[in-house]
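Visitor: Please take me on a close look at the loops of this chain and the contacts that hold them to the rest. I would like one connected tour rather than a list.

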Amino acid sequence: MTTDLSRGDASASSRPTVPNGLSEVITVLSLVALFAIMRRWAVGTLRLPEDAYRSPVLAFEVLRALVWSPRGLVALVPLLALGVIRRDELRAPWSHDEGDQRTRYLILFLVVWATWATVTLDHNLFYDQSYNVDRAILVGLAALTFWRPAFVIPHVFLFIAFEHQFDHPLGRQIFARGILEDLLLLFSAFVLIRIFLRRLHIRWFVFVGCALLASFYWYPGYIKLTRDWFSYGQLYLGGFASYANGWLAFLPTESVERFMRLGAALDWPGRILTMVCELGAVFFFLNRRAAPGLLLAWAALHVGIWMFSGISFLVWVAVDIAFLVLFFRKPTIESDVFGRWFAIGGAALVLASPFWVKPPAVGWFDTKLVYTYRFEAIADGGERAAFPADATPLGEAWCARDFPFLSAHNTLLVRYGKTNDRELAGAVAALDGTPASVFALEASMGEIYYDEQQALEFDRFLGAIATNWNRRGSQRHALGWAAPPRTCLSPRSPPEPLIAARQVVRQIIVYQLTFLFDGRRFAEIRRVPVRWLDIPGVTSS
């Protein structure tokens, strides 16, 4: 006989609305600790080595990592033992007797979104793999989670392995779907504790899950506060950096300049909204009005960022709205996480988030100076055109990357138009808008970041991509048409004509471009070649 996962002990339906003493504090801390351990374990185990991603079936590589590595066995052995000792609990269905199934729908929503985003990914040209078997397995596991919640565990393991394909060899830059990984890992930790203890109310997952979500807003606000970001933020300049990288490239420059000037007029209200939304996250559990208000404000903040910078964290908007549903209409036991003790405990978890969640320290200064790159393809017949950005190291997972290690001249520590150096941000802000002032600043504050080893890794990456592009003619997957909106530079279009799909590319020239925005006008002030790459296997005709 199985028991419902979400049901607590016999008195669960009559639990008080405040934590019941030390035992429930220990329960929450156990959930937080297990999540932190699983998160650390997942990064070390499911971030597979580069060679593993050359396998056509990642699921086999995940099993190999679990069976043949000491770190993998640390998780596999207890999971197998738990499956034998607590097999009835492992087979527990979703609860159907609490009246409100909104938490269940939240988890299933996260699973469906993670699956949707994964199975519609482009073909990976670096490894020349689509992982179609794994896409099918992920869909199957997602379907099984509708039947039994324990299937969330293998689903999130494979999802994480899929996501980390972009870590090699240059390192991933865009982690938009990281919130899905974390929330599904947290629910997996909840499932394991529930199986072991046989009683754990799902309200505690909601409580810790809300604290986790709030932490991803509070910590960036804290970083901004320590850097005096409020005085130098200039949010609207993010749109300038994105435009230089292909966002809204189909529009005339004059139209984008007018749009950026509108952003400049709204900059101070935007800074105030940002700080209130982020620092206010610590008050998430204050009362039943604070949580929905913050969730709506966070969603609005992401929409504003999308409008003025092209960075579409649509998945975050969706997650915020999904959590909002938990607190919509009449509250239930599972969403009753408010009151004095919850407010104190929730604030403590949010403030301690750098130790158990490690949210990204987002607190950079946007500047009016941008370094970016163009990839010119030379076809076998001598034709020249742009190599598709989505197929280059500026593709979706790396679109905010900079490659200073390719440049042999002085550049400033400005990446994608952003810097964490307040002094440098002030110096760039003081530029008079002329190219000469930029070059003088580069001479005084810049450095040469050229690194031969990293440049060779870049060559290996781009060379493999171009070789497989020559063979396939595209990086698109058959399911790519159904993909969710891209995170980076949406909508994006090529700023220059692309090479024809069936042209054989024999060489790629990488140019570093420098753009300056004087407050009214964009200007490309420099374009220099920094790398020449002959494509392996192609001989000149």
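Guide: One cut-off will help us on the way: a residue is called buried when its relative accessible area is under 20%, exposed when that value is over 50%, and partly exposed in between. Please also keep in mind that this is a predicted model.

Let us begin in the loop between α11 and α12 (253-265), where Leu248 has its place. The backbone of Leu248 has a positive phi of about 55°, although this residue is not a glycine. With a relative accessible area of 11%, Leu248 falls under the 20% limit and is therefore buried.

Tyr416 makes a good companion to that residue. Its phi is positive as well, at about 55°, and Tyr416 is not a glycine either. You will find Tyr416 in the loop between β3 (384-386) and β4 (418-419). A relative accessible area of 5% makes Tyr416 buried.

The loop between β3 and β4 also holds Thr411, which is buried at a relative accessible area of 2%. Thr411 has a contact across the chain: its C-alpha atom is 8.7 Å from that of Tyr371, and the two residues are 40 apart along the chain.

A longer step in sequence takes us to Gly238, in helix α11 (residues 237-244). The C-alpha atoms of Gly238 and Val370 are separated by 9.9 Å, with their positions 132 residues apart along the chain. Gly238 is buried too, with a relative accessible area of 5%.

Now to the loop between α7 (152-163) and α8 (178-197), home of Pro169. The peptide bond that joins His168 to Pro169 is cis, with omega at about -10°. If you check backbone torsions before setting up a calculation, that is the place to see it for yourself.

Which residue pairs with Asp167 in a salt bridge? The partner is Arg47, and the closest N and O atoms of the two are 2.9 Å apart. Arg47 lies in the loop between α1 and α2 (58-68), while Asp167 sits in the loop between α7 and α8, so this salt bridge ties together parts that are 120 residues apart in sequence. The two ends have unlike surroundings: Arg47 is partly exposed at 36% relative accessible area, whereas Asp167 is buried at 9%.

Helices α1 and α8 have a salt bridge of their own. Arg39 meets Asp182 there, with 2.8 Å between the closest N and O atoms. Arg39 is in helix α1 and Asp182 in helix α8, so distant parts of the chain, 143 residues apart, are linked by this pair. The carboxylate partner, Asp182, counts as buried at 5% relative accessibility.

While we are at α1, turn to Ile26, which lies in that helix (residues 22-45). Ile26 counts as partly exposed, at 46% relative accessibility. Together with Leu22, Val25 and Leu29, Ile26 forms a nonpolar patch on the surface, and the four have about 390 Å² of accessible area together.

Back to charged pairs, and to another loop. The side chains of Arg422 and Asp228 form a salt bridge, at 3.3 Å from N to O. Arg422 belongs to helix α18 (residues 422-429) and Asp228 to the loop between α9 (203-226) and α10 (229-232), so parts 194 residues apart in sequence are tied together. Both partners are partly exposed: Arg422 at 38% relative accessibility and Asp228 with a relative accessible area of 26%. Elsewhere, Glu50, Arg54, Glu457 and Arg460 are joined into one network by salt bridges that share partners. In total, the structure holds 21 salt bridges.

A last stop is the second largest pocket, with about 750 Å³ of space. Its lining has 37 residues, and the closest to the centre are Leu121, Asp122, Glu396, Ala397 and Arg486. Three helices, α5 (102-119), α15 (314-326) and α20 (452-472), each give at least two residues to that lining. Sorted by class, the lining counts 20 nonpolar, nine polar and eight charged residues.

Notes
Residues numbered from 1 in each chain as written. Predicted model: local features only at pLDDT ≥ 70, side-chain atom pairs only at ≥ 80, totals over all residues. Heavy atoms only, no water. 1 Å grid on protein atoms, 1.4 Å probe; cavity = no way out; pocket = protein on both sides within 12 Å on 5 of 7 lines; lining within 4 Å. Points joined across faces, edges and corners; volume = space filled by probe spheres on them. Helix = DSSP H or I, 4+ residues; strand = E, 2+ residues; numbered from the N terminus. Nonpolar A, V, L, I, M, F, W, Y, C, P; charged D, E, K, R; others polar. Patch = residues over 30% accessible without salt bridge, like charges linked within 9 Å, V, L, I, M, F, W, Y side chains within 5 Å. Areas by Shrake-Rupley, 256 points an atom, 1.4 Å probe, with all protein chains shown as cover. Buried < 20%, exposed > 50% of the residue type's maximum accessible area, 1.4 Å probe, protein only.
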